[in-house]
Amino acid sequence: MLLANDAEQYARACEMLAAADVRDDLADVTAPALVIGGSADVATPPASQELYVSGIRGARLLILDDVAHMATAAVPAKIAREIIGHAAPVSG
């Protein structure tokens, strides 16, 4: 899938993501937040995930064992269950 992407546009997207810093905006998040990450994620390690959770009031952190950066591709059913479970109390 990655090989099918335009290399220049992919590189630009990576540069944009590398420069993005949303830490100052975390306190503005008012919706119930579930931060999901993988224990083997080197791009956004658990320490970074914890930083996000600490900046969002009431946020919950879920770190999946032996999962890397593409958690949604690695364990899609698990991610879906967690999102549904997280959203259920909100949607009533």
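Which elements make a right-handed β-α-β unit? In this predicted model, the unit is built from strand 1, helix 2 (residues 46-55) and strand 2. Let's start there and then move on to the pocket and the salt bridges.

**The strands**

Strand 1 covers residues 34-38, and four of its five residues are buried, so the rest of the structure largely encloses this strand. Its partner is strand 2 (residues 60-64): the two run in the parallel sense and are joined over five bridges. If you would like a spot to find by eye, look for Gly-37, which stands opposite Ile-63 in strand 2.

**The largest pocket**

Strand 1 turns up again when we look for open space. The largest pocket holds about 220 Å³. Its lining is made of 14 residues, and those closest to the centre are Ile-36, Gly-37, Gln-49, His-69 and Ala-71. Three elements give two or more residues each to this lining, namely strand 1, helix 2 and helix 3 (71-74). Strand 1 provides the largest share, with four residues. As for chemistry, the lining residues are seven nonpolar, six polar and one charged. So Gly-37 is worth a second look: this residue stands opposite Ile-63 and is also among the residues closest to the pocket centre.

**The salt bridges**

The model has three salt bridges. Here they are, with the distance from N to O.

| Pair | Distance |
|---|---|
| Arg-12 and Glu-8 | 3.1 Å |
| Asp-21 and Arg-23 | 2.6 Å |
| Lys-78 and Glu-82 | 2.9 Å |

Where do Arg-12 and Glu-8 lie? Both belong to helix 1 (residues 7-19), at a spacing of four residues, or about one turn of the helix. Glu-8 has a relative accessible area of 45%, so this residue counts as partly exposed.

Lys-78 and Glu-82 are in helix 4 (residues 76-91); because they are four residues apart, about one helical turn separates them. Are these two buried or partly exposed? Lys-78 is partly exposed, with a relative accessible area of 30%, whereas Glu-82 has 18% and is buried, because the cut-off for buried is under 20%.

In the pair of Asp-21 and Arg-23, Asp-21 is partly exposed at 46% relative accessibility, and Arg-23 is partly exposed at 49%. Neither value is over 50%, the cut-off for exposed, so both residues stay in the partly exposed class.

Note on methods:
Residues are numbered from 1 along each chain as its sequence is written. This is a predicted model: local features need pLDDT of at least 70, side-chain atom pairs count only at pLDDT 80 or more; totals for chains, interfaces and linings use all residues. Side-chain values use heavy atoms; hydrogens and water are left out. A salt bridge is a side-chain nitrogen of Lys or Arg within 4 Å of a carboxyl oxygen of Asp or Glu. Buried means under 20% relative accessible area, exposed over 50%, partly exposed in between (1.4 Å probe, protein chains only). Two strands pair if DSSP finds at least two bridges between them. A crossover is right-handed if, with the strands pointing away from the viewer, the path from the first strand over the helix to the second runs clockwise. On a 1 Å grid over the protein atoms alone, a cavity is a set of points where a 1.4 Å probe fits but cannot get out, and a pocket is an open set with protein on both sides within 12 Å along at least five of seven lines; lining residues have an atom within 4 Å of a point. Grid points are joined across faces, edges and corners, and a volume is the space filled by probe spheres set on the points. Ala, Val, Leu, Ile, Met, Phe, Trp, Tyr, Cys and Pro count as nonpolar, Asp, Glu, Lys and Arg as charged, and the others, Gly among them, as polar.
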